[in-house]
Amino acid sequence: MAGAAACVLLATLGWAMPAHAGKTLDAVRSRGTVVCGVNTGLPGFSAADENGQWAGLDVDICRAVAAAVLGDGRKVAYVPLGPHQRFTALQSGEIDVLSRNTTFSLTRDASMGLHQTAVTYYDGQGFLVPVKSKVRSVKQLKGQTVCIQSGTTTEKNLVEYSRTHQLDLKPVVFERVDAATRAYFAGRCAAYSTDASGLASARRAEPGKVASAHVILPELISKEPLGPMVRRGDDEWFAIVRWVIHGLIEAEEYGVGQNNLDQLKSSTDPAVQRILGMSEDTGRLLGLDREWLARAVRATGNYGEIYERNVGSKSALGIPRGLNNQWNKGGLMYAFPVR
């Protein structure tokens, strides 16, 4: 009876027990870096400059994880991956986390040995067309060619949408995104289709006169919730990546940013105190210390700061927050409570 009672007591108190370090966390600490799979080049999300310095929304998520785990957001090794390589690289252990504009779907979550963590960008598939074409709706593209990249959800979405609406769209498929965009801007296709954020990125990468000669159509033909993925079988690492993301979103909701962390240490708001690790040691439940989230915010800013700097009003893309705004401002960004 005493043994049974002890088991019941432990089960009752289990929520308060510290987490054990998983194999990925152990490997990251031993190596001293987080190995992060990113896009080969998608400005605003992950792209390297002429000095090899990576920047973008997906890049910042990796930096935040490194700051939380290793104490330094610079301790990240970036591995650029194409759509055909990305899942294999994660499955094989070549990378610790895939933060590469990847759509969450049932198939990817349930059949690939991978875990979807948390959405970092709500997107949808759209179309880019020349202004001079006078096309203002996808329905006007009936029978036309559309440049797309293989190995993504884009191709299947296009085929299904075309069949459903009897548009007879003709996909022109390329293995690399740069090949698809070059072909489109060279006039080989009537339209280019990918995630709307990718369309904005591709258009912005062109010279001014070329960029202004193309327009993104208003319709979206799919739901594309994007976010990082990790391997199944390591619940501790999955929890760390997921809660870093939720923590960045919650930090924005409560006004905790990169430049006011120290001032807010005197705040009496319980949520702010938890974010800063002042009142509760949430880190021990993740195998981290109590300042894990404060370090992540200090390294990258909160979610809103990350968004605006990379793809929003302070960036070259200038994409409105829309669905990626906070839940209490008309968007879908709703963080699980950090408590």
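This report walks through one predicted model, from its confidence to a few strands and one histidine.

Residues are numbered from 1 along each chain as its sequence is written. Because the model is predicted, local features need pLDDT of at least 70 and side-chain atom pairs count only at pLDDT 80 or more, while totals for chains, interfaces and linings use all residues; side-chain values use heavy atoms, without hydrogens and water.

**Confidence**

Let's begin with pLDDT, the predictor's confidence in each residue, from 0 to 100. The chain averages 93, and 94% of the residues score at least 70. Residues 1-15 stay under 50, and the model has one contact beyond four places in sequence for them (contact means heavy atoms within 4.5 Å). Where pLDDT is low, the predicted coordinates should not be read in detail.

**Strand 1 and its partners**

Strands are DSSP runs of E, at least two residues long, numbered from the N terminus. Strand 1 covers residues 34-39, and six of its six residues are buried (under 20% relative accessible area, 1.4 Å probe, protein chains only). Two strands pair if DSSP finds at least two bridges between them. Here are the partners of strand 1:

| Partner | Residues | Sense | Bridges | Opposite Gly37 |
|---|---|---|---|---|
| Strand 4 | residues 76-81 | parallel | six bridges | Val79 |
| Strand 5 | residues 97-98 | parallel | two bridges | Leu98 |

Gly37 thus appears in both rows, standing opposite Val79 and opposite Leu98.

**A look at His214**

His214 lies in strand 12, residues 214-216. This histidine counts as buried because its relative accessible area is 10%. Leaving aside residues up to four places away in sequence, His214 touches Leu128, Val129, Pro130, Val131, Tyr184, Phe185 and Arg203.

Key
Helices (H or I, at least four residues) and strands (E, at least two) are DSSP runs, numbered from the N terminus. Buried means under 20% relative accessible area, exposed over 50%, partly exposed in between (1.4 Å probe, protein chains only).
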